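Welcome! Here is a short briefing to help you find your way around a structure you have not met before. Take a look at it first, and then read on.

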Amino acid sequence: MTETTGNATANKSIHTYATECNNEGIIEHEPIFLASAGFIKSKDVSFEWKNFNTLTIRYNKKLVVFKEKSESECVNPKIIFEYIKE
């Protein structure tokens, strides 16, 4: 998860990625969740593994969500994403 700073025309945003890794290192970053707001803080988004292949992402319901994938496309084995607005 990364946080980008805003500027005069864009709000801060939080990006969450699924990453495929092997012995060589990182292969690919797959964007799975992207949210933005003028007031956004890193604690407004959190994630926790529910089990081996399911990741629960909790986020502030006031965030503007631009991307919210339901499952990974490039990570093997496939990861299912659950979202909880708080």
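How many bridges join strand 5 to strand 7, and do these strands run parallel or antiparallel? Six bridges join them, and the two strands run parallel. Please keep in mind that this is a predicted model. The protein chain has seven strands and zero helices, so let us begin with the whole chain and then visit a few residues, using the cut-off that buried means under 20% relative accessible area.

**The chain as a whole**

- Read from the N terminus, the elements of the protein chain follow the order β-β-β-β-β-β-β.
- Along the principal axes, the C-alpha atoms of the protein chain fill a box of roughly 40 × 25 × 20 Å.
- The protein chain has 86 residues, and 33% of them are buried.
- The accessible surface of the protein chain is about 5800 Å², with 50% of this area belonging to carbon and sulfur atoms.
- If you take the contacts between residues at least 6 apart in sequence, 50% of them join residues at least 24 apart.

**The three-stranded sheet**

- Three strands form an open sheet in the order 4-5-7, and their pairing is mixed.
- Strand 4 (45-51) and strand 7 are the edge strands, each pairing on one side only.
- On average, neighbouring strands of this sheet are turned by 25 degrees against each other, with direction ignored.
- For one bridge to look up in the model, try Thr-54, whose partner in strand 7 is Ile-80.
- As background, the strands of a sheet pair through backbone hydrogen bonds, in a parallel or an antiparallel way.

**The nonpolar core**

- The largest nonpolar core holds 16 residues, and the members that touch the most others are Ile-32, Phe-33, Val-45, Ile-57, Leu-63 and Phe-81.
- At least two residues of this core come from each of strand 2 (12-22), strand 3 (25-37), strand 5 (54-59) and strand 7 (80-85).
- Strand 3 gives the largest share of the core, with four residues.
- Phe-33 is a good place to look around: beyond its neighbours within four places in sequence, its contacts include Ile-14, Val-45, Ile-57, Val-65 and Tyr-83. Polar or charged residues such as His-15, Thr-16, Lys-67 and Glu-68 are also among the contacts of Phe-33.
- In soluble globular proteins, nonpolar side chains tend to be buried together.

**Two buried polar residues**

- Ser-13 lies in strand 2. Because its relative accessible area is 9%, Ser-13 counts as buried.
- The side chains of Ser-13 and His-15 share a polar contact of 2.9 Å.
- Setting aside neighbours within four places in sequence, Ser-13 is in contact with Thr-2, Glu-3, Thr-4, Leu-34, Ala-35, Ser-36 and Ile-40.
- Thr-56 sits in strand 5, and Thr-56 is buried because its relative accessibility is 10%.
- A polar contact of 3.1 Å links the side chain of Thr-56 to that of Glu-82.
- Not counting residues up to four places away in sequence, Thr-56 touches Ser-46, Phe-47, Glu-48, Lys-50, Glu-82 and Ile-84.

**Strand 6 and the loop that follows**

- Is Glu-68 buried or exposed? Glu-68 falls in between: its relative accessible area is 39%, so Glu-68 is partly exposed.
- Glu-68 belongs to strand 6 (residues 64-68), and its side chain makes a polar contact of 3.0 Å with the side chain of Tyr-59.
- Apart from neighbours within four places in sequence, Glu-68 is in contact with Ile-32, Phe-33, Tyr-59 and Tyr-83.
- Glu-68 and Glu-48 are 20 residues apart in sequence, and their C-alpha atoms are 16 Å apart in space.
- Glu-73 is in the loop between strand 6 and strand 7, and Glu-73 is exposed because its relative accessible area is 65%.
- The side chains of Glu-73 and Lys-69 make a polar contact of 3.4 Å.
- Along the chain, Glu-73 and Asn-23 are 50 residues apart, and 20 Å separates their C-alpha atoms.
- Pro-77 is also found in the loop between strand 6 and strand 7. The peptide bond joining Asn-76 and Pro-77 is cis, with omega at about 5 degrees.
- For context, most peptide bonds are trans.

Notes:
Residues are numbered from 1 along each chain as its sequence is written. This is a predicted model: local features need pLDDT of at least 70, side-chain atom pairs count only at pLDDT 80 or more; totals for chains, interfaces and linings use all residues. Side-chain values use heavy atoms; hydrogens and water are left out. A nonpolar core is a set of buried Ala, Val, Leu, Ile, Met, Phe, Trp, Tyr and Cys residues joined through side-chain atoms within 4.5 Å. Buried means under 20% relative accessible area, exposed over 50%, partly exposed in between (1.4 Å probe, protein chains only). Contact means heavy atoms within 4.5 Å. Two strands pair if DSSP finds at least two bridges between them. Axes are lines fitted to C-alpha atoms, for helices over the stretch in contact, and angles run from 0 to 180 degrees between N-to-C directions. Accessible areas come from the Shrake-Rupley method with a 1.4 Å probe; for residues, only the protein chains shown count as cover. A polar contact is a pair of N or O atoms within 3.5 Å; within protein, one must be able to donate a hydrogen and the other to accept it, and residues adjacent in sequence count only if both atoms are side-chain atoms.
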